[in-house]
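Reader: I would like to go through this model pocket by pocket and contact by contact. Please keep the answers short.

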Amino acid sequence: MKVEAECAACIVNRAVAEAMEATTNPALRFRVMVELFKLLSREFKPTAVPAHLGTKRDRLIKRITGNDNPYGREKRRSNEKALKLLPYARKIVEEGYTQRERFKRACLCAIVGNIIEFHIPGHKFTYGGLRKLFRDAGKDMVIDDVNKVYELAKKAQTVLYLTDNAGEIVFDTLLVEQLKNMGVTVIVGVKGGPVLNDATVEDAEVSGMSKIADKVITTGTDAVGLMLKEFSKEFLEVYDSVDLVFAKGMGYAETLTEYKLKKPHVLLFRTKCNPVANFFGVPRDKNVAKLMM
């Protein structure tokens, strides 16, 4: 997926917010924006991928401010809020009468969790509002390949589950549990370092994912989405060996669409911005479960 004009506003808006979180020094905040505009003047072009620009922006902010985890406070809060809501979401999943129905409900809960993201222009959410979103998740589904995914998952021996955000990873545990109940070995991939509010090993521990998954690995890098050239040898060996890949969030949706995929990938995300919604031909603020072969 390539950038649209609207992506520029998002990149800049998130940079301002992140710089404010990263440092209280006005001079450093100003320098961040000066250097970001230089970056965009060089690299914001029709062939650019939004997630790649987001990665470069975040690395720039961390380098200038010296703060390698600007979203640390929000990530901790997200995990705490999500853990309090987890019993409610689990009850929705467990009310499914069949394995297929429980799998679908777990997919929907995982997608709803993707709403936990900050500083995207026009995107708003409240933790309190998640209960209603869990209940109405099916109504908001605009691409629904869950049944196809279920059939593939039943035949799979090992899957790789790529997480997105802190807080969201708590609800991902419900889908990982269902996959394991189906007899599938589940390896969960988190980011190799802080980037935005994306989940890292620490979040896998706090969310309980490290106890549920068969194994937790990192991508080996702090890149947004899939950036194979930067990923560690260990991660690439796992990625190449599994039967099926689940990929959470818009960052993976933006980048996986740039590759010729060699195995089935499942994109699970909320359309939180117009460019992503436009690319997939659906409205904004809707749920997507798309199978890519």
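Reader: Which residues line the second largest pocket?

Author: This is a predicted model, where local features need pLDDT of at least 70, side-chain atom pairs count only at pLDDT 80 or more, and totals for chains, interfaces and linings use all residues. Residues are numbered from 1 along each chain as its sequence is written, and side-chain values use heavy atoms, with hydrogens and water left out. On a 1 Å grid over the protein atoms alone, a pocket is an open set of points with protein on both sides within 12 Å along at least five of seven lines, a cavity is a set where a 1.4 Å probe fits but cannot get out, and lining residues have an atom within 4 Å of a point. The lining consists of Leu226, Leu228, Tyr239, Asp240, Tyr259, Lys260, Leu261, Lys262, Lys263 and His265.

Reader: How much space lies in the second largest pocket, and how does its lining divide by class?

Author: A volume is the space filled by probe spheres set on the grid points, which are joined across faces, edges and corners. Here that space is about 180 Å³. Ala, Val, Leu, Ile, Met, Phe, Trp, Tyr, Cys and Pro count as nonpolar, Asp, Glu, Lys and Arg as charged, and the others, Gly among them, as polar. The lining has five nonpolar, one polar and four charged residues.

Reader: Which element gives the largest share of the lining of the largest pocket?

Author: The largest pocket has a volume of about 370 Å³. Its lining has 28 residues, with Cys10, Arg14, Pro50, Met250 and Glu254 nearest the centre. Two or more residues come from each of helix 1 (6-22), helix 3 (50-65), helix 12 (250-256) and helix 13 (274-280); helices (H or I, at least four residues) and strands (E, at least two) are DSSP runs, numbered from the N terminus. The largest share, five residues, belongs to helix 1.

Reader: How many residues of the largest pocket's lining are charged?

Author: The lining divides by class. Nonpolar residues number 15 and polar ones four. The charged residues number nine.

Reader: Which residues line the largest cavity?

Author: The count comes to one cavity of 30 Å³ or more. The largest cavity holds about 30 Å³ of space. Its lining splits into four nonpolar, one polar and four charged residues. The residues are Glu18, Asp58, Lys62, Asp68, Asn69, Pro70, Pro194, Val195 and Leu196.

Reader: How many salt bridges does the model have?

Author: Side chains of opposite charge can pair when their charged atoms come close. A salt bridge is a side-chain nitrogen of Lys or Arg within 4 Å of a carboxyl oxygen of Asp or Glu. One network of them links Arg59, Lys62, Asp222 and Glu230. The count is 27.

Reader: How many residues apart in sequence are the parts that Asp203 and Lys75 tie together?

Author: Asp203 and Lys75 form a salt bridge, with the closest N and O atoms 3.2 Å apart. Asp203 lies in helix 9 (residues 201-207) and Lys75 in helix 4 (residues 72-94), so the pair ties together parts that are apart in sequence by 128 residues.

Reader: Are Asp203 and Lys75 buried or exposed?

Author: Buried means under 20% relative accessible area, exposed over 50%, and partly exposed in between (1.4 Å probe, protein chains only). Asp203 has a relative accessible area of 4%, and Lys75 has 5%. Asp203 is buried, and Lys75 is buried.

Reader: Which residue forms a salt bridge with Lys248?

Author: The contact is 2.6 Å, N to O. The partner sits in helix 8 (residues 168-181) and Lys248 in strand 5 (residues 244-248), 76 residues apart. Both side chains belong to buried residues. The partner is Asp172.

Reader: How many residues of helix 8 are buried?

Author: Helix 8 reaches 21 Å from its first C-alpha to its last, close to the 20 Å expected (1.5 Å times one less than its number of residues). Its buried residues include Glu168, Phe171 and Leu179. Of its 14 residues, the buried ones number eleven.

Reader: Which residue is the bridge partner of Ile143 in strand 7?

Author: Two strands pair if DSSP finds at least two bridges between them. Strand 1 and strand 7 pair in the parallel sense over three bridges. Strand 6 (residues 265-270) runs antiparallel to strand 7, joined by six bridges. The partner of Ile143 is Val288.
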